[in-house]
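Welcome, and thanks for taking a look at this one with us. Below is a short tour by topic, meant to be read with the model open beside it.

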Amino acid sequence: MNTEKIAARRLSLEEVAKLGVKDKIFVSADTAELKLPDCYVPAFLVKSGEDFEGGSITARTVFQEEVSCLPDDENEAGIYVADENGSATIEVLQSAGVVLDLALFVPGGDKGALTALYAAVRQAFGADVVQIWRQGLKEVPDVKVDIFEEQIPRGRKGSDSPKRDRRAIDTYPTRADFIEFSAGWKPVVEIHRPVVDDTPTI
């Protein structure tokens, strides 16, 4: 396990309330999936400290996990900031690397093209460094679509026409799998129809 010891200072709830979402903090790395009770990870507040109600603080770690804690609770790990004059030394879990979750379009998509793609990645980053843990291959139909998100209607049917926002123009339908739609909205996929400008010209 790769960790780094750093000098740090534990924050009180009043100090946390003065932090913004861009201030780097350290929270416990101990989660339900990974038990690391004496380790910390870099994180950022989900909302500015002044926007929190009550004593519970929610932060998102650099590993994209959300954790909640009570800074003033002595039985909890607490929230720390790096401080050379701090009275504590904490162990911070280091990153092993990055997992890319990409949607790559490979024209033709035959096995030879994919092998060449993986070989190029390994050549760029070093042999045996790039590991492929999950691979989801999906054929892409040769058709272009427009992707919208439409507000899910509430209350009586037919009361109002649903609101609609365009999310992607002239793209492949599989892209809808990778778009995060807003809460209360649903995806709508329609065949792409180019906009024809029939304004008379001189």
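Threonine 58 is a good place to start: leaving aside neighbours within four places in sequence, this residue is in contact with Leu45, Val46, Phe52, Glu66, Val67 and Ser68. Please keep in mind that this is a predicted model. From here we move on to the salt bridges, of which a search of the whole structure finds four, then to the one aromatic pair, and finally to a few single sites.

**Around threonine 58**

- Threonine 58 sits in strand 4, which covers residues 57-61.
- Among the contacts of threonine 58 is Ser68, and here the two side chains make a polar contact at 3.3 Å.

**Salt bridges**

- Of the four salt bridges in the structure, one brings together the side chains of glutamate 91 and lysine 5, with 3.9 Å from N to O.
- Glutamate 91 belongs to strand 7 and lysine 5 to strand 1 (residues 3-10), so this pair ties together parts that are 86 residues apart in sequence.
- The two partners can be compared by exposure: glutamate 91 counts as partly exposed at 27% relative accessibility, whereas lysine 5 is exposed, with a relative accessible area of 59%.
- Arginine 9 meets glutamate 15 in a salt bridge of 2.8 Å, N to O.
- Arginine 9 also meets aspartate 83, with 3.1 Å from N to O.
- Aspartate 83 lies in the loop between strand 6 and strand 7, while arginine 9 is in strand 1, so the pair ties together parts 74 residues apart in sequence.
- Through shared partners, Arg9, Glu15 and Asp83 are joined by salt bridges into one network.
- As for exposure in this network, arginine 9 is partly exposed, with a relative accessible area of 31%; glutamate 15 is partly exposed, with a value of 31%; and aspartate 83 is partly exposed, with a value of 21%.

**The aromatic pair**

- The structure holds one aromatic pair, formed by tyrosine 40 and tyrosine 80 in an edge-to-face arrangement, 5.2 Å centre to centre and with 75 degrees between the planes.
- Distant parts of the chain are linked by this pair: tyrosine 40 is in strand 3 (residues 39-45) and tyrosine 80 in strand 6 (residues 80-82), 40 residues apart.
- Are these tyrosines buried or exposed? Tyrosine 40 is buried, and so is tyrosine 80.

**Tryptophan 185**

- Tryptophan 185 is found in strand 10, residues 185-191.
- Tryptophan 185 counts as buried because its relative accessibility is 19%, and the cut-off for buried is under 20%.
- Not counting residues up to four places away in sequence, tryptophan 185 touches Glu149, Glu150, Gln151, Ile152, Lys163, Arg164 and Asp165.
- Phenylalanine 148 is 37 residues from tryptophan 185 along the chain, with 9.6 Å between their C-alpha atoms.

**Exposed sites in loops**

- Leucine 102 lies in the loop between strand 7 (88-93) and helix 2 (111-125), and is exposed, with a relative accessible area of 51%.
- Together with Val98, Leu100 and Leu104, Leu102 makes a nonpolar surface patch of about 460 Å².
- Lysine 22 is in the loop between helix 1 (13-16) and strand 2 (25-28), and is exposed, with a relative accessible area of 75%.
- Lysine 22 and lysine 47 are 25 residues apart in sequence, and 9.7 Å separates them in space, C-alpha to C-alpha.

Note on methods. Residues numbered from 1 in each chain as written. Predicted model: local features only at pLDDT ≥ 70, side-chain atom pairs only at ≥ 80, totals over all residues. Heavy atoms only, no water. Helix = DSSP H or I, 4+ residues; strand = E, 2+ residues; numbered from the N terminus. Polar contact = N/O pair within 3.5 Å; in protein donor to acceptor, adjacent residues only side chain to side chain. Contact = heavy atoms within 4.5 Å. Patch = residues over 30% accessible without salt bridge, like charges linked within 9 Å, V, L, I, M, F, W, Y side chains within 5 Å. Areas by Shrake-Rupley, 256 points an atom, 1.4 Å probe, with all protein chains shown as cover. Buried < 20%, exposed > 50% of the residue type's maximum accessible area, 1.4 Å probe, protein only. Phe/Tyr/Trp six-rings, centres within 6.5 Å; stacked < 30°, edge-to-face > 60°.
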